[in-house]
Amino acid sequence: GKSEIARGHSVLAFVYHRRLLQIASSPSWIRNVRMNEAEQLQQMAFAEVKKSQERDQDWWHGHFVWAMLYSLQYVQIADPDKTMFLDGQKKAIAIYQQLTGLGAGRNPGMGSWQNLACCLKRVADTTGQEADFDHFKKELQAFPSDQQIRQASTENGRSESDEIFLWQAMLQDEELFGKLD
């Protein structure tokens with residue numbers, strides 16, 4: 001049905017996202033050579049997310065990939081004033097906030113909280129504004145504890161797994177704690 005087709009489109013968008021990450025993590029001379037490919041992958045990824053959402057607006061993975069694409073958007077494209085980069089982060093933040101708003105145990109995974117934290121940190125690091133660091137701190141304080149996540153997951157019929165340990169995963173995240181200035 002239409003839900004399975006929506007899933008297929010979001011998975012394909014995720015594959016394009018992973019290929020974009022590979023290009024973005026390459027040495028600068030490779031990124032420069034592959035700039036056209038990266039732009040095409042980005043367009044195809046956004047097109048697949050759009051198709052996924054047209055088929056099933058409630059399919060969480062489509063929204064999740066959409067946010068990941070926005071958080072990566074423009075990273076490899078020259079943007080000296082960082083306006084486009086910050087705009088992508090803010091769009092991703094809004095989507096992640098919708099997904100985390102579903103609540104622990106209903107949100108399909110902890111990735112939304114972790115990615116939200118990463119985007120908020122990128123914004124604060126980029127602007128250097130105290131208000132952005134305060135927003136980052138305020139959001140983190142509102143995140144559920146691992147115990148709350150575990151309880152909500154079991155109450156909603158989900159089995160315990162490594163995916164419910166949000167804080168443990170966040171402490172291992174290089175984006176959050178590997179590059180502290």
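This report describes helix α4 with its residue H63, and then a nonpolar surface patch that includes V11, in a predicted model.

Helix α4 covers residues 60-72, and its length can be checked against simple helix geometry: at 1.5 Å a residue, its 13 residues should span 18 Å, and the end C-alpha atoms, which are 19 Å apart, agree with that expectation. Because 11 of these 13 residues are buried, α4 is largely enclosed by the rest of the structure. The buried residues are H61, G62, H63, F64, V65, A67, M68, L69, Y70, S71 and L72, and the elements that cover them include α1 (2-24), α3 (35-55), α5 (83-100) and α6 (111-127).

Within this helix, H63 has a relative accessible area of 11%, which is under the 20% limit, and therefore counts as buried. When its neighbours within four places in sequence are left aside, H63 is in contact with Q53, Q57, I95 and L99.

A residue of helix α1 offers a second case, since V11 lies in that helix and, with a relative accessible area of 45%, is partly exposed. Together with L12 and V15, V11 makes a nonpolar surface patch of about 210 Å².

The two residues are set side by side below.

| Residue | Helix | Relative accessible area | State |
|---|---|---|---|
| H63 | α4 | 11% | buried |
| V11 | α1 | 45% | partly exposed |

Technical notes. Residues numbered from 1 in each chain as written. Predicted model: local features only at pLDDT ≥ 70, side-chain atom pairs only at ≥ 80, totals over all residues. Heavy atoms only, no water. Helix = DSSP H or I, 4+ residues; strand = E, 2+ residues; numbered from the N terminus. Buried < 20%, exposed > 50% of the residue type's maximum accessible area, 1.4 Å probe, protein only. Contact = heavy atoms within 4.5 Å. Expected span 1.5 Å × (residues − 1). Patch = residues over 30% accessible without salt bridge, like charges linked within 9 Å, V, L, I, M, F, W, Y side chains within 5 Å. Areas by Shrake-Rupley, 256 points an atom, 1.4 Å probe, with all protein chains shown as cover. Salt bridge = Lys/Arg side-chain N within 4 Å of Asp/Glu carboxyl O.
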